[in-house]
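The following note sets out a few points on the model for a colleague at the bench. Please read them beside the sequence and the structure.

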Amino acid sequence: MSALKILGYSANALGQRLEPFEYAPPELKEHDVRVSITHCGVCHTDIHAIDDYYGITTFPFVPGHEIVGHVAAVGPAVTGLKEGDRVGIGWQGRSCGKCEWCLKGETQLCMEIEETTVMVPYGGFSSSVIADYRFVYPLPPTMPSEVAAVLMCAGLTVYSALQTHLESPDMKVAILGIGGLGHVAIQFAHAFGCEVTAISSSPAKKDQALGFGADHFIVTNDITNIGKVYFNYDLVICTTNDGTNLDLLLNTIKKRGRLVMIGFPDINLNSTNLVSHDLSITGSLLGNPSTMRAMLSFAQEHGITPMVELMPMSQVNAALQKVKENKARYRIVLFNDMN
Ligand SMILES: [Zn+2]
Ligand SMILES: [Zn+2]
């Protein structure tokens with residue numbers, strides 16, 4: 001019997017502040033890896049999960065799914081990873097291996113999604129986490145850990161959406177929302193060679209958006225700005241969780257163009273533009289393990305660099321509050337100060 005205790009921060013009921021939490025790790029299954037955590041990013045979906053927005057949270061709940069650390073123990077059937085390896089883990093920590101999506105390699109769509117997040121039983125705002133080695137990714141040696149952390153959820157999400165829906169670098173892309181996801185999406189879309197427009201409700205973000213690689217910047221609250229870009233974009237990626245004027249946005253998309261939702265805003269839609277302009281609206285969730293590996297090497301090759309604010313894990317509640325108030329610039333990564 002191991003005397004190892006994992007220390008973390010848990011919400012003990014719906015919407016509550018995180019409190020220190022301690023648990024004995026379950027015995028490693030044959031494909032499991034225990035990773036000793038050095039860094040964990042704070043994603044808006046952590047707040048959604050604490051609030052049980054998705055209806056799948058069980059308490060006590062330890063959030064955190066942009067994890068970087070070192071392999072501390074491996075199960076007997078683990079291959080390709082050894083103790084000490086620096087690795088990253090994202091939202092998905094395992095999969096059922098049997099459903100139609102797992103059999104197709106699209107494990108992020110696993111039908112057992114409630115059980116397959118890395119936050120079951122407990123996530124990355126902790127000293128350690130346990131995941132199936134097939135969802136534990138070796139990191140490029142020179143990539144800073146806080147950069148890798150952000151790539152594990154935000155990076156994968158935006159890269160996968162772009163890779164799936166970009167048909168050529170000639171496509172004009174707009175990124176709606178310049179936050180944790182959006183500022184990385186601008187960088188990836190620019191690296192893919194696209195003409196990129198950043199669309200934000202906040203004029204103050206203009207210089208930074210251009211610095212991330214946007215060619216143009218538009219403020220959403222100015223209707224005349226939007227009016228200039230009717231039928232302009234082949235692809236719009238919506239990264240925001242805030243309510244958005246979808247009818248106005250659809251006007252900016254070329255006929256037969258596409259809107260991809262990767263944030264979770266409540267939307268109302270008048271279907272006139274959708275039908276008469278022959279548009280598509282689709283969602284995009286994370287990406288599969290081979291997309292994760294491709295994303296990491298693309299990010300390394302193209303110098304994708306999320307703008308990170310480092311905070312100690314002991315300040316997790318302050319970090320969550322900052323994200324809630326949209327004050328993070330642009331992603332907070334917690335470093336483990338528990339040891
Ligand atoms: Zn996330
Ligand atoms: Zn499955």
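1. The model is predicted. In it, K254 counts as partly exposed because its relative accessibility is 29%. The partner of K254 in a salt bridge is D234, with 3.4 Å between the closest N and O atoms. The two residues belong to separate strands, D234 to β11 and K254 to β12, so their pair ties together parts that lie 20 residues apart in sequence.

2. The accessibility of D234 also deserves a remark. With a relative accessibility of 18%, D234 counts as buried, the cut-off for that class being under 20%. K254, at 29%, is partly exposed. The salt bridge thus joins a buried acidic residue, D234, to a partly exposed basic one, K254.

3. Both strands of this pair are part of an open sheet of six strands, arranged in the order β10-β9-β8-β11-β12-β13 with parallel pairing. Strands β10 (216-219) and β13 (280-283) form the edges; each has a single partner strand, so one side of each is left without a neighbour in the sheet. From one strand to the next, the twist averages 20°.

4. At the β13 edge, the partner is strand β12, which spans residues 253-261; the two run parallel and are joined by four bridges. Within this pairing, V260 stands opposite T282 of β13. Helix α4, residues 145-165, packs on the sheet and touches β8 (172-176), β11 (233-238), β12 and β13. The direction of helix α4 makes about 155° with that of β11.

5. How many salt bridges does a search of the whole structure find? The search gives eight, and the pair of D234 and K254 described above is one such salt bridge. As a general matter, side chains of opposite charge can pair when their charged atoms come close.

6. A further salt bridge links the side chains of K104 and E100, at 3.6 Å from N to O. K104 counts as exposed because its relative accessibility is 52%, the cut-off for exposed being over 50%. E100, by contrast, has a relative accessibility of 48% and therefore counts as partly exposed.

7. E325 and K327 also form a salt bridge, in which the closest N and O atoms are 3.2 Å apart. E325 counts as partly exposed, given its relative accessibility of 39%.

Terms used:
Residues numbered from 1 in each chain as written. Chains lettered and ligands numbered in written order. Predicted model: local features only at pLDDT ≥ 70, side-chain atom pairs only at ≥ 80, totals over all residues. Heavy atoms only, no water. Pairing = 2+ DSSP bridges. Axes fitted to C-alpha atoms, helices over the stretch in contact; angles between N-to-C directions. Contact = heavy atoms within 4.5 Å. Salt bridge = Lys/Arg side-chain N within 4 Å of Asp/Glu carboxyl O. Buried < 20%, exposed > 50% of the residue type's maximum accessible area, 1.4 Å probe, protein only.
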